[in-house]
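Got your viewer open? Load the model, set it to cartoon view, and let's take a walk through it.

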Amino acid sequence: MPPGISLSDFYYITPELVLTGGALLLLIADVLLPRAQRAALAWVTLLVLGVTALSLIPFASTRVEVAHGLLAVDQFALFFKVLFLGAAAITVLMSIPYLQVEGASPGEYYFLILCATLGMMVMAGGIDLITIFIGLETMAVSFYILAGFIKPSQRSNEAAVKYFLLGAFSLGILLYGMSLMYGLSGTTNLRVMAASFAGQEHDPRLVLAVILVVAGVGFKIAAVPFHMWAPDVYEGAPTPVTAFLSVGSKAASFAMLIRIFVEGMPTMGEDWRLLFWVLSVATMTAGNIAAVTQSNIKRMLAYSSIAHAGYLLMGVVAGTSRGITAMLVYLFIYSFMQLGAFGVVVLLRRADVVGDELKDFSGLSFRNPFAAFAMLVFMLSLGGIPPTAGFMGKLWLFGAAIDSHCYWLAVIGVLNSVVSLYYYVRIVVFMYLKKETVGSTPRLTPALGLVLGVAVLGTIFLGVYPRLLFELADASAKTLGVAGVTAALR
Amino acid sequence: MDHYLSLILFTPLAGALLLLLVNKENENAIKWIANTVAFIGFVISVPLWFWFNPQQADFQFVERAPWIPSIGAEYFLGVDGLSTLLILLTTMMGFIAILSSWNAIHERTKEYYIFLLVLQTGMLGAFMSLDFLLFFLFWEVMLVPMYFLIGIWGSANRLYSAIKFFLYTLVGGVIMLLGILALYFYAHSVTGVYSFDLTMFHKLNIPYDLQWWLFLAFFLGFAVKVPMFPFHTWLPDAHTDAPTAGSVILAAVMLKMGTYGFLRFSLPILPEASRHFVPMMVLLSIIGIVYGALVALAQKDWKRLVAYSSVSHMAMVMLGMFALNPVGITGSIIQQLNHGISTGGLFLLVGVVYERRHTREISEYGGLSKVMPVYAAIFLVMTMSSIGLPTLNGFIGEILILQGVFVANKMWAFFAGSGVVLGAAYMLYLYQRTMFGKIENPKNERLLDLSHREFATFAPLLILAVWMGLYPAPFLRRLEMSVRHIVGRVNPQYEAKYAADCDTKPPTAEAIAASNNAAAKFLSLMPCDVNGNPLPATAAGQTPERR
């Protein structure tokens, strides 16, 4: 055993180990199972995710640093891990009918989903630049392959190549920033780094590091102007992958962002809060305006997800514990509505229809009232209309901004949410007010029915009674690293 | 009856859920269920009128439970005189609107009634909530069903009108939300408690700068809903294209959300800013009164005419409110109820002929009194109620508003009076063009008069119009405490001035109403100026020092 690592460190990473073991098991099962029965792999994947989730239970109130500060096992990480596992499970459920229609072999697909989940979990727990980077790479590489998973589809291939090239480029920028941080502090551990940066706020090299890391992270969360890849990748990638990308990858990147900036560079708050202010305004405004003109649903949801990254950044700009809480709440809520919306897009994918154009939604309320109602709920929630969860999330993000006296940011935020409702409601218009229909009737499979049911219930329940979520997110935000950091930012 | 308000609030929603279970082909069952639920909803709300204690200054039937404790939001309901009357108006108009749809809606009936019932819960919730966040939740919940009502069952230009309504109201709403949040954090910095409790907000003394911003934020939210000039442009479109029931609900209840918001939130929470903004509010109201009336005069579309008359009437309501004295505010509330009754009735009347002829062009009609005498008679009563003819409800509201405004400023009263005159002009002109003369259009020769069901929708409105016109005292009595509370917050000098300088108490609204037919008594009750002389011009009720 290498020096400095003890057996107890392995105990604390049980969930990650379980997930890794499960993923390897899946790979073996793929080879052993006859081709006809490989559809069962989805259920194995769900089982792995379930067991991993169960293995999180002993760590519900743990708060330790593992292996001399490579990983943190705390409620902040736990919150995200639960989110990732849930999102992965919903993605798997969505993938069952989707892969069937596309005629793709499921084998490596589910393995890659699990790998991506593993990467995300490491990112959320990482308090060391090395760990964070390894997690990020694990996730990103899995997604590069997943984006191009539909081999015969030109769009899918294009998406994979674009994502890979731009992703590699942005990782380079991020790494450059990280290496500057390391060079200036002599450590890769974020918490140690925070102490050594104190009092050096005006070092131009440090400011450069902040700018580079912001750019690198900005790419991952698809913040304007680093968002160019998102619409193409979202449109080309298989729909469930797009869903997972827009929820899991985004949440993991935000976890990384919070770790790096709030834990690693609290004293540079002035700089990065300003940068994120600009990014936030640019992201939500550009995202929403671009979304208005889209006729392809996946592209529209891509731009809408860009806009949502802009809203989420308000929490970082606020820079308070309240802001972080709001981000956690919003990320959780966002995953329900976003996954649900992509679930409906999967539903519309039939043998005879691609189902990702706006006109494919035409008359949906007559042909499949439940799916139309579900989409209505998701759209209203994305737009932030009560009593859906999206309202509660936005309420808290705007609240955090106002609490930190960022009044104009809040005003720009709410006006943006009005713009966004214009295109969300347009889908509703197609579903409820137009009658001409295309292709065969979309049918709910049990798996998809479960996805939509869970997402609808979650979206409405969290909108009416968000109490537990607020409390959990609050507790998670408070476990974040240096206790005084967030207070110091006020 | 610990949960009386919740019962009223959720009855329509329960009905909507029940409707979900009914097969959509079974139109009759759907209609019967919806009508029964709406009727029950009305009946169970009637005891509110009797159980409400007008002498008690506090909110009544209070229900309070934690909702989101981590942010201090509560499920907090309660009513005072103002909300009691508006709740009763809502349950009544809700039932009337549903009853009036019996023959009008044949397409997607199930969804239609579900949306109407959900809307009903949203409106009731907004009037009952004493938690600002809960209020906002209900406020926004109303948007979606109304959007669908206009968008699916509306006429020609419905998509445009629906989205216009939706986005206009939404912009105002979200800006108001920011105001709510700012108020919330300010309250925390003073009291140390996170809470959206309205009764707590009513006790705050907010610094003037913050009040100024908050007033503007709330103003945007409420003024769009009222709608005040220049935010009124969504209203004629929405009204014209909405189905009859939608127009009725919109005019009778939803517009009151805005005025209710001003009375419940802006005036008592932001008294100094409210006084400061009086000139702006009055100017916008006066423009609204005159402009709305003039545009109504020029309309060729029956429904659009009524819609513009709404703009004018609601501006009158706002003018009375911003006289900031008890008489003006009482008048403003009474006029809100009147507007609900008369304009709701007028929209129903348009709906009746629209169902028969499928056109709203005024020039298509003429001489209808020959073939539809009952209809013409009811139309006449509603017209007169809208104009403000004595013995009908409109008169009481208008005279109180005029009096309150007169005390505040004679010039304003002049414009308010001109609104009344113009109102008579466009309504009588409409009546003359549609009801009198010979039947020149052969399509009108065999129009059927009102059926029993249709008559039933008008009966409560007729009764109320006459009742409020002849004996408004029960209504005024219920409002007294609410008005006193609002004036006590927004214009505290008003009462103090009377106590110090006059031997007589300030006239209660009830006393004034009783005196309307006796000029001498009326004069003796007139407010007096600082020296105790009867008021000739501007002194006593004048809004006190502005910044």
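Two strands count as paired if DSSP finds at least two bridges between them. Keep that in mind for the first stop, and remember that everything on this tour comes from a predicted model.

**Stop 1: a hairpin in chain B**

Select residues 60-68 of chain B, which is strand 1, and then residues 73-79, which is strand 2. The pair runs antiparallel, with 6 bridges between strand 1 and strand 2 of chain B. To see one of the bridges, click B:Glu63 and look across to its partner in strand 2, B:Leu77.

Now go to the turn. The hairpin has 4 residues between its strands, and B:Gly72 has a positive phi near 80 degrees there.

Go back to strand 1 of chain B and pick B:Phe61. What is phi of B:Phe61 near? It is near 55 degrees, a positive value in a residue that isn't glycine. That's worth a pause, as most residues other than glycine have a negative phi. Is B:Phe61 buried or exposed? B:Phe61 has 20 other C-beta atoms within 10 Å, so it is buried.

**Stop 2: chain B as a whole**

Zoom out and show just chain B. Its secondary structure adds up to 25 helices and 2 strands. With 547 residues, chain B would get 24 Å from the globule rule, and its radius of gyration of 23 Å is close to that, so chain B is as compact as a globular protein of that length. Turn it along its principal axes and the C-alpha atoms fill a box of roughly 70 × 55 × 40 Å.

How many of the 547 residues of chain B count as buried? The share is 59%. Next, think about contacts in chain B between residues at least 6 apart in sequence: 79% of them join residues at least 24 apart.

**Stop 3: where the chains touch**

Bring chain A back. The contact between the two chains takes 24 residues from chain A and 25 residues from chain B. On the chain B side, select helix 6 (132-141), helix 7 (143-153) and helix 8 (158-191), since each supplies at least two of the touching residues. Which helix gives the largest share? It's helix 8 of chain B, with 13 residues. Color that side of chain B by class and you'll get 22 nonpolar, 2 polar and 1 charged residues.

Stay on helix 8 of chain B and click B:Leu178. B:Leu178 counts as buried because it has 23 C-beta neighbours inside 10 Å. Setting aside neighbours within four places in sequence, B:Leu178 is in contact with several residues of chain A, including A:Phe398, A:Ile402 and A:Val414. B:Ala217 is also one of its contacts. For a sense of distance, draw a line from B:Leu178 to B:Val490: they are 312 residues apart in sequence and 23 Å apart in space, C-alpha to C-alpha.

**Stop 4: a helix in chain A**

Select residues 321-348 of chain A, which is helix 14. Its 28 residues reach 41 Å from the first C-alpha to the last, close to the expected 40 Å. How many residues of helix 14 of chain A are buried? The count is 28 of its 28.

**Stop 5: backbone oddities**

Most peptide bonds are trans, but you can find cis ones here. In chain A, look at the bond joining A:Val224 and A:Pro225, with omega about 10 degrees. A:Pro225 sits in the loop between helix 9 (204-220) and helix 10 (229-236) of chain A. Over in chain B, the bond from B:Val226 to B:Pro227 is cis, with omega near -10 degrees. B:Pro227 lies in the loop between helix 10 (208-225) and helix 11 (234-241) of chain B.

Then hop to A:His405, which is not a glycine yet has a positive phi of about 65 degrees. You'll find A:His405 in the loop between helix 17 (389-403) and helix 18 (407-433) of chain A. A:His405 has 13 C-beta neighbours inside 10 Å, so it counts as partly exposed.

**Last stop: confidence**

Color by pLDDT. Chain B averages 88, and 90% of its residues score at least 70. Now select residues 528-532 of chain B, where pLDDT stays under 50, and residues 536-547, where pLDDT also stays under 50. Where pLDDT is low, the predicted coordinates should not be read in detail. As for the model's overall scores, ipTM is 0.89 and pTM is 0.89.

Definitions and conventions. Residues are numbered from 1 along each chain as its sequence is written. Chains are lettered from A and ligands numbered from 1 in the order in which they are written. This is a predicted model: local features need pLDDT of at least 70, side-chain atom pairs count only at pLDDT 80 or more; totals for chains, interfaces and linings use all residues. Two residues are in contact if their C-beta atoms, placed from the backbone, lie within 7 Å. Ala, Val, Leu, Ile, Met, Phe, Trp, Tyr, Cys and Pro count as nonpolar, Asp, Glu, Lys and Arg as charged, and the others, Gly among them, as polar. The radius of gyration is taken over C-alpha atoms; the globule rule is 2.2 Å times the number of residues to the power 0.38. A residue is buried if 20 or more other C-beta atoms lie within 10 Å of its own, exposed if 12 or fewer, and partly exposed in between; C-beta atoms are placed from the backbone. The expected span of a helix is 1.5 Å times one less than its number of residues. pLDDT is the predictor's confidence in each residue, from 0 to 100.
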